[in-house]
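Hi there,

Here is the structure I promised to pass on to you. Have a look at it first, and then read my notes below with the picture open beside them.

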Amino acid sequence: MATAEPVAERPAERPAERPAEPTAEPTEVRFRSDMTVELVKHTAADSDVIWAARVSTAGEKSLEALHQDPERSKGLINYLMRDRHGSPFEHNSMTFFVSAPIFVFREFMRHRIGFSFNEESGRYRQLEPVFYLPGQERKLVQEGKPGQYRFVDGTPEQYKIATEATRRACTEAYGAYLEMLAAGIAREVARTVLPVGTYSSMYVTCNARSLMAFLSLRTNREDARFPSFPQREIEMVAERMEAEWTALMPLTAAAFDANGRVSP
């Protein structure tokens, strides 16, 4: 199997014998509106789709595809995508490091087929005071009802209220969190006062087929056969993941787009 070099490696940390003691030290509260997505490692290439598909007719000779230019077989990839022969798209792997608000992760973890998750734990470490604050480009107002609604820009006054209220609530919540830690209250109890806008981090591992299913639901594209209307924050994560995947498997990504962004 063709194996690409890892794009980035995070040094392995030696497991601690016991959780670190809470410090409960005052820390500056920070706000951000962006998402972090890093490709940590991968074994993913268009050739993985080709040899996996050709084993059905060529048997052991399918391994010859490892040394061929995938461009010669882009028609095969498009055929597999169009007719939804999905299993050849599963013989690859990508691991991402994602840092995003907890409410994004709760949506993300609804994707359970072909995904693995490991998230930092508020039981075992003191959570950092980093919180989500909507950027000025974030549409604030919902019009209509579920199934028929759309989001539009808010007024300067609405944006001011949203940002000031968010800053105030998160700052007060983190102060309460530190107060409980300082009193010797367990992290797993103290964390209950923190909002879902608190940033967390996790590793996400998936294959191209599961990623395409995720992208079909978590991006809004006019060329999609089945329109989807994701919350903007998880779409920001999805867009970053798609960019990394497209660089690894450009022929597969092009076939995904050409066939209405439907996962095979």
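**Strands side by side**

Pro 101 stands opposite Tyr 199 in strand E8. Please keep in mind as you look that this is a predicted model. Strand E8 covers residues 199–206, and it runs antiparallel to strand E3, with 8 bridges joining the two. E3 also has strand E2 (residues 36–43) as an antiparallel partner, this time through 7 bridges. If you want one pair to find on screen, try Leu 39, whose bridge partner in E3 is Phe 96.

Is E3 mostly enclosed or open? Of its 9 residues (93–101), 8 are buried, so the rest of the structure largely encloses this strand.

**The chain as a whole**

Stepping back, the protein chain contains 8 helices and 8 strands. Its C-alpha trace spans about 65 × 55 × 25 Å along the principal axes. There are 264 residues, and 41% of them are buried. The accessible surface is about 15000 Å², with 51% of that area belonging to carbon and sulfur atoms.

Contacts often link distant parts of the sequence: among those between residues at least 6 apart, 78% join residues at least 24 apart. As for charges, the chain has 33 positive and 37 negative ones, and the mean positions of the two groups are 4 Å apart.

**Helix H4**

Now find helix H4, which runs from residue 156 to 182. Its 27 residues reach 39 Å from the first C-alpha to the last, close to the 39 Å expected at 1.5 Å a residue. Its buried residues include Cys 170, Tyr 174, Tyr 177 and Leu 181. A helpful rule here is that an α-helix has 3.6 residues a turn, so residues three or four places apart point the same way.

What do the buried residues of H4 pack against? They meet strand E1 (30–32), strand E5 (130–132) and helix H5 (187–190). After H4 comes Gly 184, which has a positive phi, near 90°.

**A look at Asp 257**

Last, go to helix H8 (residues 250–258), where you will find Asp 257. This residue counts as partly exposed because its relative accessibility is 26%. Setting aside neighbours within four places in sequence, Asp 257 is in contact with Arg 221, Asp 223 and Glu 242. Try Asp 83 too: it is 174 residues from Asp 257 along the chain, and their C-alpha atoms are separated by 14 Å.

Enjoy exploring!

How values were computed
Residues are numbered from 1 along each chain as its sequence is written. This is a predicted model: local features need pLDDT of at least 70, side-chain atom pairs count only at pLDDT 80 or more; totals for chains, interfaces and linings use all residues. Side-chain values use heavy atoms; hydrogens and water are left out. Helices (H or I, at least four residues) and strands (E, at least two) are DSSP runs, numbered from the N terminus. The expected span of a helix is 1.5 Å times one less than its number of residues. Buried means under 20% relative accessible area, exposed over 50%, partly exposed in between (1.4 Å probe, protein chains only). Contact means heavy atoms within 4.5 Å. Accessible areas come from the Shrake-Rupley method with a 1.4 Å probe; for residues, only the protein chains shown count as cover. Lys and Arg count as positive and Asp and Glu as negative; His and the chain ends are not counted. The place of a charge is taken as NZ of Lys, CZ of Arg, CG of Asp or CD of Glu. Two strands pair if DSSP finds at least two bridges between them.
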